[in-house]
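Biologist: Got a minute to walk me through this one? I'd like to go through the salt bridges and how far to trust them.

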Amino acid sequence: MGWDSRLPCSKKRVLRRPIRIIDEVREKCVRAGDLGHARAAVMVGDLVIHGHGVEKDYEKAEKWYRRAIELGSDNAGVYFNLGHILKQRQEWDESERMYRRALKIDPRYADAMTKIADLMNNRDDGKRNINEAERLYRRAIKLDPRNLDAMNNLANVLMVYRQDWDQAE
């Protein structure tokens, strides 16, 4: 039984219309991306990485983001999302490179700073750098005082590595 089988027919029609629109937009973006439009390739990557109207698929999203870069996209979000995909595959160096590229494009990108700091804080391949992690967490919090990930992870650095309980509070 489908998810909409319990809905009255009028509600089913209302819900199907946005789904058809998403399908149409996705198809147009795919065609435009194939034809060499960088923004369209970014949009398809965004749809696929987040599962909007399609199943989440990091491999396809990576393909579309790399296509956007080939087509000249200089969108910080593209590099940030590629960093996320590579981090999921534990490709730490390449992930860090993508996050740093996002930060170079947008120096105020607090989420990219937080992700780089996370990599510096959590690496166990000899490339852990607690000083840089702390610096980046502080900078991210200064740019975005509501960045809970940066606050939590900075507190962790202060407690575990610095044993500075007062500042961690």
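Modeller: Sure: a salt bridge here is a side-chain nitrogen of Lys or Arg within 4 Å of a carboxyl oxygen of Asp or Glu. This is a predicted model, where local features need pLDDT (the predictor's confidence in each residue, from 0 to 100) of at least 70, side-chain atom pairs count only at 80 or more, and totals for chains, interfaces and linings use all residues. Residues are numbered from 1 along each chain as its sequence is written, and side-chain values use heavy atoms, leaving out hydrogens and water.

Biologist: Which residue forms a salt bridge with Asp93?

Modeller: Asp93 sits in helix α5 (helices are DSSP runs of H or I, at least four residues, numbered from the N terminus), and its partner is 30 residues apart, in the loop between α6 and α7. The closest N and O atoms are 2.7 Å apart, and the partner is Arg123.

Biologist: Is Arg123 buried or exposed?

Modeller: Buried means under 20% relative accessible area, exposed over 50%, and partly exposed in between, using a 1.4 Å probe and protein chains only. Asp93 is partly exposed at 42%. Arg123 has 4% relative accessibility, so it counts as buried.

Biologist: Which side chain meets Arg100 in a salt bridge?

Modeller: Arg100 is in helix α5 and its partner is in helix α7, 32 residues apart. The N to O distance is 2.7 Å, and the partner is Glu132.

Biologist: Where is confidence lowest?

Modeller: The protein averages a pLDDT of 83. Helix α5 has the highest mean, 97, while the lowest, 54, belongs to helix α1.

Definitions and conventions: Helix = DSSP H or I, 4+ residues; strand = E, 2+ residues; numbered from the N terminus.
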